[in-house]
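Here are some exercises to work through with the model open in your viewer. Try each task yourself before you read its solution.

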Amino acid sequence: MSVFESTVTVNKPIAQVYSFLADMNNHRKLMPNNITDWTSTTDVASFNIQNITKLSIKIDERVADSLIRIIPAEKPPFDVELKWELREAGNATQAVFTITADLNMMMKMLASGQLKKLVDEETTNLANLLN
């Protein structure tokens with residue numbers, strides 16, 4: 001399994017950060033420019049990762065003010081899990097975004113850079129949007 005992780009501190013209460021992340025419609029605002037054809041509901045999002053694959057993901061688990069676990073809604077080209085973990089940090093919130101992907105050697109060469117870019121951009125965009 002390949003693990004890609006990024007951490008950011010958001011200057012908002014944990015309930016506000018959780019509320020934003022618990023709605024898949026908001027995740028479009030976190031995505032990098034190489035994400036196209038975005039469609040979403042509160043629970044499910046479908047999109048293309050330019051030159052890699054089409055994905056459909058859904059929120060599988062919500063733990064109030066703590067965790068949002070996202071898994072494929074349809075069979076992906078590789079097994080993947082996205083997870084947002086939130087912790088209080090004084091008057092702010094620490095958000096840890098992790099993508100765990102089961103990549104074969106070829107997919108690892110093709111997708112690792114894009115997946116690392118995705119976790120870094122999503123956490124940066126979350127901080128920029130909510131700070």
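Helices (H or I, at least four residues) and strands (E, at least two) are DSSP runs, numbered from the N terminus. Proline 72, for instance, is found in strand β5, residues 67–72. Please keep in mind that this is a predicted model, where local features need pLDDT of at least 70, side-chain atom pairs count only at pLDDT 80 or more, and totals for chains, interfaces and linings use all residues. Residues are numbered from 1 along each chain as its sequence is written, and side-chain values use heavy atoms, with hydrogens and water left out.

**Exercise 1. The sheet**

Task: find the order of the strands in the open sheet and name its edge strands.

Solution:
- Start with the rule for pairing: two strands pair if DSSP finds at least two bridges between them.
- With that rule, 7 strands form an open sheet in the order β1-β7-β6-β5-β4-β3-β2, and the pairing is antiparallel.
- The edge strands, each pairing on one side only, are β1 (2–10) and β2 (35–40).
- Next comes the twist: direction ignored, neighbouring strands of this sheet are turned by 20° against each other on average.

**Exercise 2. From β2 to β4**

Task: follow the pairing from β2 through β3 and on to β4.

Solution:
- β2 and β3 (residues 44–49) are antiparallel partners over 4 bridges, and they form a hairpin with 3 residues between them.
- Look for the facing residues: serine 40 stands opposite alanine 45 in β3, while threonine 36 stands opposite asparagine 48.
- Asparagine 48 also stands opposite lysine 54 in β4. The β3 and β4 pairing is antiparallel, over 6 bridges.
- Now check burial, where buried means under 20% relative accessible area, exposed over 50%, and partly exposed in between (1.4 Å probe, protein chains only). In β3, 5 of the 6 residues are buried, so this strand is largely enclosed by the rest of the structure.

**Exercise 3. The partners of β7**

Task: describe how β7 pairs with β1 and with β6.

Solution:
- β1 and β7 run antiparallel, joined by 9 bridges; here valine 3 stands opposite threonine 100 in β7.
- β6 and β7 also run antiparallel, joined by 10 bridges. Tryptophan 84 has phenylalanine 97 in β7 as its bridge partner.
- The hairpin of β6 and β7 has 2 residues between the strands, and glycine 90 takes a positive phi near 70° there.
- Of the 10 residues of β7, 9 are buried, so β7 is largely enclosed by the rest of the structure.

**Exercise 4. Two helices**

Task: characterise the packing of α1 and α2.

Solution:
- Two packed helices are described by the angle between their axes and the distance between the axes. Axes are lines fitted to C-alpha atoms, for helices over the stretch in contact, and angles run from 0 to 180 degrees between N-to-C directions.
- Helix α1 (residues 14–21) and helix α2 (residues 105–130) pack at about 120°, with axes 12 Å apart.
- That makes α1 oblique to α2, since angles under 35 degrees count as roughly parallel, over 145 as roughly antiparallel, 65 to 115 as roughly perpendicular and the rest as oblique.
- Contact means heavy atoms within 4.5 Å. Val17, Phe20 and Leu21 of α1 meet Leu126, Leu129 and Leu130 of α2.
- Finally, place α2 on the strands: α2 lies across β1, β6 and β7, running at about 10° to β1.

**Exercise 5. Three residues**

Task: is histidine 27 buried or exposed, and which residues do histidine 27, serine 2 and proline 72 touch?

Solution:
- Histidine 27 sits in the loop between α1 and β2. At 2% relative accessibility, this histidine counts as buried.
- Not counting residues up to four places away in sequence, histidine 27 touches Leu21, Trp38, Ile70, Trp84 and Glu122.
- Serine 2, in strand β1, counts as buried at 7% relative accessibility. Beyond four places in sequence, serine 2 touches Ile99, Thr100, Ala101, Leu103 and Lys108.
- Proline 72, with neighbours within four places left aside, is in contact with Ser56, Ile57, Lys58 and Val80. From C-alpha to C-alpha, proline 72 and leucine 103 are 15 Å apart in space and 31 residues apart in sequence.
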